[in-house]
Each structure stands twice: as structure tokens, then as C-alpha cells.
Amino acid sequence: MAITPMERGLDVLAALRISPRRGALVLADRLRGVLYVMVEPGTGDVLPGVRVLSSRSELLMPATYSDSTAVADLISYPRSGEPPALIPADRLAQGLRGLPAGAPEEAPVS
């Protein structure tokens with residue numbers, strides 16, 4: 001799921017207590033202000049400020065935390081040798097529905 005503004009997605013992840021240590025794949029595109037959160041294919045909801053990517057979508061991302069740049073930053077990365085933990089799309093959507101746009105930013109999840 002592509003969430004804009006990025007801060008809204010970060011606020012929801014923090015509110016849901018989804019830690020970067022969980023091993024999910026979360027990418028911050030700081031240039032465009034978009035947060036990409038990987039969910040189970042075919043489970044994303046269409047919500048204001050959320051775009052569900054198709055199976056043909058491609059994202060360029062840093063290979064590791066150390067490869068992150070000011071433009072693209074891995075906020076959460078799968079553990080070595082393990083597939084990424086996918087964030088439940090329904091839980092993420094519930095959080096997005098309950099968080100008003102422009103809500104104050106909470107503690108960062110990175």
C-alpha cells in the first residue's frame with residue numbers, strides 16, 4: 001500500500017504498535033512523501049490517501065539499512081534469510097480510517 005502523506009502512515013504504524021523490529025517491509029519515499037507498506041497481495045482497501053499497488057508495480061529500494069539515503073529509507077526490513085512479515089491490510093486500514101488527516105505526529109517508528 002502506498003500511503004500519503006507519509007506522516008499519516010507513520011502515525012498509524014505507531015498507533016498500532018507495529019515495531020520496525022517486526023521484520024515487515026516498510027519503505028519511506030521522502031522525495032514524494034509516500035510510505036510504502038507491504039501487505040498480503042489482494043488485501044488492500046481503497047481509502048483516501050491510499051493507493052493499492054498492482055502486482056506489476058515495481059519499487060526501487062535500498063538493499064539494506066546502510067544503503068538508505070535521504071530520499072529512500074527502509075524504516076523496517078526483513079530479518080536476514082526470512083521472508084518479510086506482512087502487515088495485515090485490514091488492521092492497517094482500520095488504523096487509517098480512525099486517524100484523521102493531519103493528526104499530530106506521534107513518536108517516530110524508525
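1. By class, how many nonpolar, polar and charged residues does the lining of the largest pocket have? In this predicted model, that lining has 12 nonpolar, 5 polar and 2 charged residues. The space in the largest pocket comes to about 380 Å³, and among the 19 residues that line the pocket, those closest to its centre are Met 1, Met 38, Val 39, Leu 53 and Ser 54.

2. Turning to enclosed space, a search of the whole structure returns 1 cavity of 30 Å³ or more, and the volume of the largest cavity is about 50 Å³. The largest cavity is lined by 10 residues, of which Leu 13, Ile 18, Pro 20, Val 26 and Ser 76 are the closest to its centre. When this lining is sorted by class, 8 residues are nonpolar and 2 are polar, while no charged residues appear in it.

3. As to the overall fold, the protein chain contains 2 helices and 5 strands, and these elements, read from the N terminus on, follow the order β-α-β-β-β-β-α. Among the contacts that join residues at least 6 apart in sequence, 78% are between residues at least 24 apart.

4. On burial and surface, the protein chain has 110 residues, of which 39% count as buried. The chain exposes about 6600 Å², and 55% of this area is supplied by carbon and sulfur atoms.

5. One residue that merits a separate look is Asp 73, which is placed in strand 5, a strand made up of residues 72-76. Is Asp 73 buried or exposed? Asp 73 counts as buried because its relative accessibility is 17%, and the cut-off for that class is under 20%.

6. The surroundings of Asp 73 can be described at two levels. With its neighbours within four places in sequence left aside, Asp 73 is in contact with Val 26, Leu 27, Ala 28, Arg 30 and Ser 68. One of these, Arg 30, also takes part in a polar contact of 2.8 Å, which joins its side chain to that of Asp 73.

7. A last point links the two topics of enclosed space and Asp 73. Val 26, one of the residues in contact with Asp 73, is also among the lining residues closest to the centre of the largest cavity. Ser 76, another of the residues closest to that centre, belongs to strand 5, whose residues 72-76 include Asp 73.

Notes: Residues are numbered from 1 along each chain as its sequence is written. This is a predicted model: local features need pLDDT of at least 70, side-chain atom pairs count only at pLDDT 80 or more; totals for chains, interfaces and linings use all residues. Side-chain values use heavy atoms; hydrogens and water are left out. Helices (H or I, at least four residues) and strands (E, at least two) are DSSP runs, numbered from the N terminus. Buried means under 20% relative accessible area, exposed over 50%, partly exposed in between (1.4 Å probe, protein chains only). A polar contact is a pair of N or O atoms within 3.5 Å; within protein, one must be able to donate a hydrogen and the other to accept it, and residues adjacent in sequence count only if both atoms are side-chain atoms. Contact means heavy atoms within 4.5 Å. On a 1 Å grid over the protein atoms alone, a cavity is a set of points where a 1.4 Å probe fits but cannot get out, and a pocket is an open set with protein on both sides within 12 Å along at least five of seven lines; lining residues have an atom within 4 Å of a point. Grid points are joined across faces, edges and corners, and a volume is the space filled by probe spheres set on the points. Ala, Val, Leu, Ile, Met, Phe, Trp, Tyr, Cys and Pro count as nonpolar, Asp, Glu, Lys and Arg as charged, and the others, Gly among them, as polar. Accessible areas come from the Shrake-Rupley method with a 1.4 Å probe; for residues, only the protein chains shown count as cover.
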